[in-house]
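Q: Please take one part of this model and go through it closely. I would like the aromatic side chains, and then whatever surrounds them. Keep it brisk.

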Amino acid sequence: FETVVSSRGSVFAGTWFSTFSGYIVRLRGYYGMSKYFTYYSWLDRKFFMHEWMNVGSGSLFAREYPVAWTGIDGDKFVDNDSEKPRKKAREVVSVDGGTFLERNTLYPRDEMEE
């Protein structure tokens, strides 16, 4: 029950290495929800679902791969992402002089539905 409820939220933040979170991410893919609204709580992996990655390019069990739900009903081999690219992050200078990438993770509702 919890997996279905979690998978239908507008945004999901899961745990890296969690098969429970992995199943929720896969369900979100089956439902056609955007990968840009899926995050991992581990900061080093927070945006991992936002970029296409082929199976075998990373850990086989720590995350889900979009190839599991992209084109699942078709006869063609899927080897790239069909979702529109996200707006580019911009580099921002912090108060201590360092730089970081600012990612606009807040989208208007109409963009979430596309």
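A: **A close look at the aromatic rings**

Phe48 has a relative accessibility of 27%, so it counts as partly exposed. The reasoning is simple: buried means under 20% and exposed means over 50%, and Phe48 falls in between. Phe48 sits in the loop between β2 and β3. Keep in mind that this is a predicted model.

First, the setting. The chain has 114 residues, and 30% of them are buried. It holds three helices and four strands. Read from the N terminus, their order is α-β-α-β-β-β-α. Take the contacts with a separation of 6 or more: 43% of them join residues 24 or more positions apart.

Now the rings. The whole structure contains five aromatic pairs. One of them joins Trp16 to Tyr40. It is edge-to-face, with 5.0 Å between the centres and 90° between the planes. Trp16 belongs to the loop between β1 (12-14) and α2 (19-30), while Tyr40 belongs to strand β2 (residues 38-40). The pair therefore ties together parts that lie 24 residues apart in sequence. Trp16 and Tyr40 are both buried.

Trp16 also pairs with Phe48. This pair is edge-to-face too, at 5.2 Å centre to centre and 80° between the planes. Here the loop between β1 and α2 meets the loop between β2 and β3, so parts 32 residues apart in sequence are tied together. What about burial? Trp16 has a relative accessible area of 8%, under the 20% limit, so it is buried. Phe48, at 27%, is partly exposed.

These three residues belong to one aromatic cluster: Trp16, Phe17, Tyr40, Trp42 and Phe48. Phe17 deserves a look of its own. It lies in the loop between β1 and α2. Its phi is near 75°, a positive value in a residue other than glycine.

Phe17 and Trp42 have a second role in the picture. Together with Val55, Leu60, Phe61 and Val67, they form a nonpolar patch on the surface. The patch adds up to about 640 Å² of accessible area. Leu60 is one of its members, and it is placed in the loop between β2 and β3. Its relative accessibility is 60%, over the 50% limit, so Leu60 counts as exposed. For the chain as a whole, about 8,000 Å² is exposed, and carbon and sulfur atoms supply 55% of that.

Next, Lys46. It too lies in the loop between β2 and β3. With a relative accessible area of 30%, it is partly exposed. Set aside the neighbours within four places in sequence, and Lys46 contacts Thr38, Tyr39 and Tyr40. Tyr40 is the ring that pairs with Trp16. Lys46 and Gly14 are 32 residues apart in sequence, yet 9.1 Å separates their C-alpha atoms.

Two further sites round this off. Arg8 lies over the face of Tyr31, 4.2 Å from the ring centre. Thr3 is in helix α1 (residues 2-7). At 15% relative accessibility, Thr3 is buried. Apart from neighbours within four places in sequence, Thr3 is in contact with Phe20, Tyr23, Ile24 and Leu27.

To recap, Trp16 forms edge-to-face pairs with Tyr40 and with Phe48. Phe17 and Trp42 belong to the cluster and also to the nonpolar surface patch.

Methods: Residues are numbered from 1 along each chain as its sequence is written. This is a predicted model: local features need pLDDT of at least 70, side-chain atom pairs count only at pLDDT 80 or more; totals for chains, interfaces and linings use all residues. Side-chain values use heavy atoms; hydrogens and water are left out. Helices (H or I, at least four residues) and strands (E, at least two) are DSSP runs, numbered from the N terminus. Buried means under 20% relative accessible area, exposed over 50%, partly exposed in between (1.4 Å probe, protein chains only). Contact means heavy atoms within 4.5 Å. Accessible areas come from the Shrake-Rupley method with a 1.4 Å probe; for residues, only the protein chains shown count as cover. Rings of Phe, Tyr and Trp (its six-membered ring) pair if their centres lie within 6.5 Å; planes under 30 degrees apart count as stacked, over 60 as edge-to-face and the rest as tilted. A charge sits over a ring if NZ of Lys or CZ of Arg is within 6 Å of the ring centre and within 35 degrees of the ring normal. Patches are made of residues with over 30% relative accessible area and no salt bridge: like charges are joined within 9 Å, nonpolar side chains (Val, Leu, Ile, Met, Phe, Trp, Tyr) within 5 Å. A salt bridge is a side-chain nitrogen of Lys or Arg within 4 Å of a carboxyl oxygen of Asp or Glu.
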